Amino acid sequence: MSSSASATIPASRFGYATRLSCRECGQTCELGAHHACAECFGPLEVGYDYPSLTRESIESGPPSIWRYASLLPVPADVASRPNTEPGFTRLVRADRLASALGMRALWVKDERGNPTHSFKDRVVAVALAAALEMGHKVLACPSTGNLANAVAAAAARAGIRSVVLIPANLEPQKIIATAVYGGTMVLVDGTYDDVNRLASQLADDREDWAFVNVNVRPYYAEGSKTIGFEIAEQLGWRLPQQIVVPVASGAQLVKIDKAFRELAALGLVDAAPYRVFGAQASGCAPVAAAFRAGHDVVQPVRPDTIAKSLAIGNPADGPYVLDVTRRSGGAVADVSDDEIVSAIELLATTEGIFGETAVGVTLATTRKLLDSGQLDPDAETVIINSGDGLKTLDAVAGSVPTAGPIRPTLQAFIDFESSVPPRKAVA
Ligand SMILES: *Cc1c(COP(=O)(O)O)cnc(C)c1O
Ligand SMILES: [Zn+2]
């Protein structure tokens, strides 16, 4: 760890980040637009010479991810950072949900509060900051939906071009909520994994394009650490005992674990043990299947689930999710589309929080892991609500009752009330 005082402004264009290192063989290289190891093609990870930080210095920062800028690969100079301000979303104490589940202490990290209503604004802001430092001119991505929203919005705000590639069968809300920001949106006839392959080819062809989750992926992925930092700060500088995280590529889960370890290493929280759990939809559960089978490698699948934001059949961080969940004493499990829908309703009816299909996956998995005894109902637990239910309306449209219009008379209301019983929270 470096001994530089937190007041010194480092010259580095990437703050306190000093290198990229291979997650497989440990080979290091200099910061730049590389995403695979030159020796073994393994994925690269950002390394730092951390400054000394105090809780007070972080608390005096802005109410956004930039309060943790010293722990991200972004310019130390505020004026050189993008002007998007995601993060510092609410950590909601969920007592009614906890009692429906028989739990003692439960919180929901509610990512709907971000500029485009999902956690993807965090990763895009960090990728954009790094991409601008590296001289990229276009912000691009392959996406399962939410990333497209975040890239198109951040590029609009930065005044640069965006190019997003998405599977043609995405939710209409996510398509419209991308197109509205301008930029180039391409609907591709194929799965996300097909779209991702096309993006990789394009990234090799267009050198000044920053594909946030492809050629600038090491920087992008670091943005997910900010969820972990915030949870610890919002719990009063403590780590939760259990956390349940949705898994698509797996980067979010792996980086929340990295954030918790960094905070402990920097002395900002006590190094208490915590367990990390991953959640997938049964229609796309390659990591849960590998966990159950005791495998270290993840066998790709062809996705078929209503949880489209998590529909990555060949997840880049799959092996690292297995590593984090096993090492921490957690697990990865999966749930059916019906369980996803009833969990969305459970969260809405107990806490007034309408999350997207991804939170249906996370909450239904939480329930399943409680039933199987893998989650401890007495331990302090955080679950992630990674996106907004307004973007996946069709998932619940068929199961929530919307009774037809009545005549505008008192009698019509009385008749209506006696024919339709008030809805109870679904447990
Ligand atoms: C992308 C996404 C995830 C998962 O992110 P990964 O880091 O790829 O695992 C979870 N929830 C929502 C709503 C998302 O859009
Ligand atoms: Zn390597």
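Which elements do the buried residues of α10 pack against? This and the following exercises concern a predicted model.

**Exercise 1. Describe the packing of helix α10 and the segment that follows the helix.**

*Solution.*
Step 1. Helix α10 covers residues 286-293, and its buried residues are Pro286, Val287, Ala288, Ala290 and Phe291.
Step 2. These buried residues pack against β11 (275-281), α11 (318-328) and β12 (331-335).
Step 3. Directly after α10 comes Gly294, with a positive phi near 75°.
Step 4. The loop between α10 and α11 contains Val297. With a relative accessible area of 58%, Val297 is exposed, whereas Pro286 belongs to the buried residues of α10.
Step 5. Between the C-alpha atoms of Val297 and Pro286 the distance is 9.6 Å, at a separation of eleven residues in sequence.

**Exercise 2. Determine the donors and the geometry of the zinc ion (ligand 2), and locate Cys22 and Cys37 in the chain.**

*Solution.*
Step 1. The coordinating atoms are the SG atoms of Cys22, Cys25, Cys37 and Cys40, at 2.3 to 2.4 Å from the zinc ion (ligand 2).
Step 2. Along the chain, the donors follow the spacing C-x2-C-x11-C-x2-C.
Step 3. Cys22 is part of strand β1 (residues 17-22), while Cys37 sits in the loop between β2 (28-29) and β3 (44-48); the pair therefore ties together parts that are 15 residues apart in sequence.
Step 4. Four donors count as tetrahedral if all angles lie between 85 and 135 degrees. The angles subtended by the four donor atoms are 100 to 118°, so the arrangement around the zinc ion (ligand 2) is tetrahedral. For reference, the ideal angle for four tetrahedral donors is 109.5 degrees.
Step 5. As to accessibility, Cys22 and Cys37 are both buried.

**Exercise 3. Analyse the salt bridges Arg19 with Asp49 and Asp110 with Arg90.**

*Solution.*
Step 1. The model has a count of 27 salt bridges, the criterion being a side-chain nitrogen of Lys or Arg within 4 Å of a carboxyl oxygen of Asp or Glu.
Step 2. In the bridge between Arg19 and Asp49, the closest N and O atoms are 3.5 Å apart. Arg19 lies in strand β1 and Asp49 in the loop between β3 and α1 (55-59), so this pair ties together parts that are 30 residues apart in sequence.
Step 3. Arg19 is partly exposed, at a relative accessible area of 29%, and Asp49 is partly exposed at 38%.
Step 4. For Asp110 and Arg90, the closest N and O atoms are 3.4 Å apart. Asp110 belongs to strand β5 (residues 106-110) and Arg90 to strand β4 (residues 90-93), so the bridge ties together parts that are 20 residues apart in sequence.
Step 5. Asp110 has a relative accessible area of 4% and is buried.

**Exercise 4. Place the salt bridge between Lys225 and Glu222 in its network.**

*Solution.*
Step 1. The N to O distance in the bridge between Lys225 and Glu222 is 2.7 Å.
Step 2. Both Lys225 and Glu222 are buried.
Step 3. The network of salt bridges that contains these two residues also links Arg23, Glu45, Arg217, Lys255, Lys258, Glu262 and Asp317.

**Exercise 5. Identify the residues that come nearest to ligand 1 and give the side-chain polar distances for Lys120, Ser249 and Ser386.**

*Solution.*
Step 1. There are 15 residues around ligand 1, of which Lys120, Asn146, Ser249, Gly250 and Ser386 come nearest.
Step 2. Two distances involve an oxygen atom of the ligand: 2.8 Å to a polar side-chain atom of Lys120, and 2.7 Å to a side-chain N or O atom of Ser249.
Step 3. For Ser386, the partner is a nitrogen atom of ligand 1, at 2.6 Å from a side-chain N or O atom.

**Exercise 6. Examine the positive phi values of Phe41 and Phe88.**

*Solution.*
Step 1. Most residues other than glycine have a negative phi.
Step 2. Phe41, not a glycine, has a positive phi of about 65°. Its position is in the loop between β2 and β3, and Phe41 is exposed, with a relative accessible area of 69%.
Step 3. Phe88 has a positive phi near 50°. Phe88 occupies the loop between α1 and β4 and is partly exposed, at 28% relative accessibility.

Technical notes
Residues are numbered from 1 along each chain as its sequence is written. Chains are lettered from A and ligands numbered from 1 in the order in which they are written. This is a predicted model: local features need pLDDT of at least 70, side-chain atom pairs count only at pLDDT 80 or more; totals for chains, interfaces and linings use all residues. Side-chain values use heavy atoms; hydrogens and water are left out. Donors are N, O and S atoms within 2.8 Å of the metal (3.2 Å for Na, K and Ca); water is not among the atoms, so sites may look incomplete. Four donors count as tetrahedral if all angles lie between 85 and 135 degrees; four count as square planar and six as octahedral if opposite donors are over 155 degrees apart and all others between 65 and 115; anything else is irregular. Helices (H or I, at least four residues) and strands (E, at least two) are DSSP runs, numbered from the N terminus. Buried means under 20% relative accessible area, exposed over 50%, partly exposed in between (1.4 Å probe, protein chains only). Contact means heavy atoms within 4.5 Å. A residue is near a molecule or strand if one of its heavy atoms lies within 4 Å of it. A polar contact is a pair of N or O atoms within 3.5 Å; within protein, one must be able to donate a hydrogen and the other to accept it, and residues adjacent in sequence count only if both atoms are side-chain atoms.
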